[in-house]
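Colleague: I am new to this structure and would like a close look at a single part of it. Please take your time and connect what you describe to the rest.

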Amino acid sequence: MFYCILPLVLSLFAGAAATNQAFTSYGEMDITSCPITYFGKKYDKVYATFNDSKFAVCFNGHYNAGIQNDCILMSGGTADRGDLKIFTKEIPIGSGVHELLPSLSSPGKCVNVIPLKDSQQTDIEQVELGNFGNQAILAIRTYSGYTPVNMDADTQVNGLTISKKTFQTSQTMSGVITDISGCRHSGVVYKPNTSQKIPSICSTVTCGANGVVTAVSDCDPTEHCDGNGGCVFNSICTVTGFTIIDFPGRVHFVPDRCGYILLKSTPISGLQVLGVFQERRRKDVSFLERVIIKMESTGAQISLEQGGRVLLNNKNVQQLTPVASIVQGVELSRNQSGITAKISGSSYTVYVHFDGEIALIHMTGPSGTEVQGLCGSANTTLGVEKAAEHSDSGCDVQQSQPVDSSIDCPSATEWCNVLKEAPFYACNAHIDPEPYISACTEMLCKYPPVDGLRCQFMEAYVKSCSYHSNVNVEGWESDATCSIHDFCQDMYCSDHEFCGRHYTGEAGCLCRALFASPYKATGTFGEPTVCEKESASISLAKCLLEDQSINYRNLKLNDQTCQGELDSETHMVTFYFDGNRSCGTVITTNGSRIAYKNTIMTPGATIPGVISRKSQVQIDLTCCYSQPDIKSLGITLQDSSVTQQIVSGQWSYNLTMEAYTNTETKKALGNNDKVLLNQKIWVDLKTEGLDKGMVAVVVESCWGTNEPLPSSSLKYDIIIDGCPNPADNTVQVMGNGRGSSTTFFFNAFQFTGKNRNVFLHCRVRLCVQRDNDCIPTCGGQTTRRRRSIMKRYEDKNPGLINLVWTY
């Protein structure tokens, strides 16, 4: 209701003018220093517009008929220009204004004065907007230049008229004033000091005298109004990073890297939804990595993964589209926003949506439903809901790490509170922003703002609002300078990786902190070289290489046609060489070992000039055979087969010596076999596991003693410098130095006057074959060449293999 006043309100606000903003036809004016709360909404801008002898003061943009806006429309007479002046002064309760408007319960603070003139600069009209805290007043006065007989004053909210009044000029010449305070809730305007039950929102809405609105819902926090005064179960659970906002709006924080039950004991029989958490850039902060849906009725386990991948019982589900496919009773669909699973039954529906970062669980059904799990409506704890079968051993061990100096907690807190401001307040009436603000603040105060993390809680809030109440917040990305987190779609990372952004800005699979930590501490890119089965290999982690700006495709072995092979599942890059694929391997000897060496390196390409942005790599890949080092191994002929595994650095091979007397059966002499004096004894000495094309076994010497010690003073030579003892014509040697085995025979003997035991000792060496230079030269001539060759195998610690026979 409008009241006539005299003198005008301005007299009460007499003070220094803070601004003077002139306009013609229309103008946008800044009233930040004296904002106006118009029917429950606060504004710090005013848009003044002249249109067909009408003057409009609007708050959401210039006036246009038919457009939703908050405006005050008045007759403008002949005025076509004006300006803005702002006056400040405290107007205490009990003033003349308060007497005229008893509904005002707050003191006045300032007034926005808009004087209007015509083209001749004649005063026509004056409009005043007064700030009384959460309340506001409108005052209008006309002057002698005002020509219409009367004035219309129309207050509108969202384009709809709240009140309309027509005044005679005689009234407006004295001045009129009205309270433009009120409340609004869910787009509906309420007058001060009123209370009303609204079936459409199942709430009783109260607008207080000071313009503050409260709404008490008839539904509990997990329920939603059906629009006719009834309540139904309709609730959202949101999981982002290590935070879980459950159905009633409570916030849980996951402190480790385990699996947890998010939803169970639902009215849909046998349904469980689980979340598995893992660390990323920091060891002490976890993120949701996958969502698992279990259907007891079918035994199905559906895993929603990063990158948009879906696994059914650990097998990939191919070609999901926006059109839902039925998989084991679950409707699965995929679009650019992520994967959605829909499960229905018993009048309930559960939607599970996962985009690789944010999980939403939306459940609807009859009123009175109680659901368990961390998302559920019942009270629970992390310990109760831990899923042992999806929790690795040691996942609950608390990790620690120094605070990241780049984290600005006050700034993060300010950022998170934006959820209570435009454009997000469109959702505030449907989804309480406080739990999201709490979760956002906790996360951003512990983890650096990378990989789009700052915007994920806003995106989670907007998605929750859309699912819960079908309210879409348009343009929030540009307002918050955010981009939708979709750069990880179709990017599949291994278990020790996660999808994020490199410091170059490019998306990729980055190493998890716990995986990378031991390698970074030693400056390595993977595990040590593996030497087995005549081959050598080394596996490097692609994410460790990329962390140093190294592209694995640029790495080569000595032979640059040999590159690393990437495992599509583990993302490990393997380089190898073997007997069939040498890749430029260099073989060297140093007396005690034979080494096979290759090198992983980057080509020498650099950016022209004096700088380079490519890391240079040189990783040695070496495997070696150590010379045999068996010292004392004596057995009787009853167990005449001798086998010893030689472990040489990283390669291993077997060295075996067997004795027999029958060349047809080559049966090793056993417990009941007799050896007679002068009986021919055959000995096979062979190896397994050597590179047969490059490494040969050389028997340097063999001799017999009457005691186990090979250095006994009483000895008899059988093989000398790789050749038969020239003084014993019963000895023959075959294949010595030609490959991986040697055979020799001799006639049995005993030491005169000594015990019946004879111990046989052989000195064995490995040799790299080059032009047959491992073959001893025998046959009656002891050449210089043979002597020089055999000298190469002299060693103070020879490798010996022994056996003993008894008569």
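By class, how many nonpolar, polar and charged residues does the lining of the largest cavity have?

Modeller: Please keep in mind throughout that this is a predicted model. By class, the lining of the largest cavity has four nonpolar residues, one polar residue and three charged residues. The residues that line this cavity are R280, F287, E357, Y447, V450, D451, L453 and Q456. In the class scheme used here, Phe, Tyr, Val and Leu count as nonpolar and Arg, Glu and Asp as charged, and with F287, Y447, V450, L453, R280, E357, D451 and Q456 in the lining, you can follow the tally residue by residue in the view before you. The space in the largest cavity comes to about 40 Å³, and a search of the whole structure finds one cavity of 30 Å³ or more. As background, rolling a probe the size of a water molecule over the atoms shows where empty space is left.

To set that part beside others, consider the aromatic rings, of which the structure holds 18 pairs. One of these pairs is formed by F50 and F55, whose ring centres are 5.0 Å apart with 40 degrees between the planes, an arrangement that counts as tilted; F50 and F55 are both buried. In another pair, the planes of F744 and F746 stand at 20 degrees with the ring centres 6.3 Å apart, so this pair is stacked. Both F744 and F746 are buried, and ring pairs link these two with Y716, F749 and F751 into a cluster.

The strands offer a further point of comparison. In strand 3, residues 26-30, the side chains alternate: G27 and M29 point to one face and are buried, whereas Y26, E28 and D30 point to the other and are not. Strand 3 runs antiparallel to strand 6, residues 45-51, and five bridges join the two, with Y26 standing opposite T49 in strand 6.

Elsewhere, three strands make an open sheet in the order 42-43-44, with antiparallel pairing. Its edge strands, each pairing on one side only, are strand 42 (586-589) and strand 44 (618-626), and from one strand to the next the twist averages 25 degrees. Strand 43, residues 593-601, is joined to strand 44 by nine bridges, and Y596 stands opposite C623 in strand 44.

Notes: Residues numbered from 1 in each chain as written. Predicted model: local features only at pLDDT ≥ 70, side-chain atom pairs only at ≥ 80, totals over all residues. Heavy atoms only, no water. 1 Å grid on protein atoms, 1.4 Å probe; cavity = no way out; pocket = protein on both sides within 12 Å on 5 of 7 lines; lining within 4 Å. Points joined across faces, edges and corners; volume = space filled by probe spheres on them. Pairing = 2+ DSSP bridges. Helix = DSSP H or I, 4+ residues; strand = E, 2+ residues; numbered from the N terminus. Axes fitted to C-alpha atoms, helices over the stretch in contact; angles between N-to-C directions. Phe/Tyr/Trp six-rings, centres within 6.5 Å; stacked < 30°, edge-to-face > 60°. Buried < 20%, exposed > 50% of the residue type's maximum accessible area, 1.4 Å probe, protein only.
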